[in-house]
Amino acid sequence: MSGDYNMSMRKFLKQVGVTGQQAIEEGLRKAGSPEGGSFRARVVLTIEGLDVSHEVTGLIKDGDA
């Protein structure tokens with residue numbers, strides 16, 4: 001795999017991380033920043049032309065949850 005692909009993937013994943021965190025923070029603000037709560041999260045990555053579908057699930061929780 002070329003360095004160009006590697007750099008492009010890293011930039012894309014950084015964008016996903018930054019914008020994903022912003023979306024979560026906005027959702028928490030709209031919900032009134034519920035303390036002690038936990039939320040199930042799911043991200044699905046699909047790449048057209050490569051037949052790639054990757055799912056990540058997890059739990060986002062307040063430190064007290």
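Here a biologist and a modeller talk through two pockets and one proline in a predicted model.

Biologist: Why is P34 called partly exposed?

Modeller: Its relative accessibility is 31%. Buried means under 20% and exposed means over 50%, so P34, at 31%, counts as partly exposed.

Biologist: Where does P34 lie, and what does P34 touch?

Modeller: P34 lies in the loop between α1 and β1. Leaving aside residues up to four places away in sequence, P34 touches L28 and F39. Contact means heavy atoms within 4.5 Å.

Biologist: How far apart are P34 and E48 in space?

Modeller: They are 37 Å apart, C-alpha to C-alpha, and 14 residues apart in sequence.

Biologist: Let's turn to the largest pocket. Which residues line the largest pocket?

Modeller: The lining is Y5, S8, M9, F12, L13, L45, I47 and L50, and about 250 Å³ of space lies inside.

Biologist: What makes up that lining by class?

Modeller: It has 7 nonpolar residues, 1 polar and no charged ones. Tyr, Met, Phe, Leu and Ile are among the types that count as nonpolar, whereas S8 is in the lining too, and Ser falls among the others, so it counts as polar.

Biologist: Which element gives the largest share of that lining?

Modeller: α1 does, with 5 residues. Both α1 (3-30) and β1 (38-47) supply at least two.

Biologist: And what lines the second largest pocket?

Modeller: There are 13 lining residues, with I24, A41, R42, V43 and I60 nearest its centre. α1, β1 and β2 (52-61) each give two or more. By class, the lining has 7 nonpolar, 5 polar and 1 charged residues. Arg counts as charged, and R42 is one of the lining residues.

Definitions and conventions: Residues are numbered from 1 along each chain as its sequence is written. This is a predicted model: local features need pLDDT of at least 70, side-chain atom pairs count only at pLDDT 80 or more; totals for chains, interfaces and linings use all residues. Side-chain values use heavy atoms; hydrogens and water are left out. On a 1 Å grid over the protein atoms alone, a cavity is a set of points where a 1.4 Å probe fits but cannot get out, and a pocket is an open set with protein on both sides within 12 Å along at least five of seven lines; lining residues have an atom within 4 Å of a point. Grid points are joined across faces, edges and corners, and a volume is the space filled by probe spheres set on the points. Helices (H or I, at least four residues) and strands (E, at least two) are DSSP runs, numbered from the N terminus. Buried means under 20% relative accessible area, exposed over 50%, partly exposed in between (1.4 Å probe, protein chains only).
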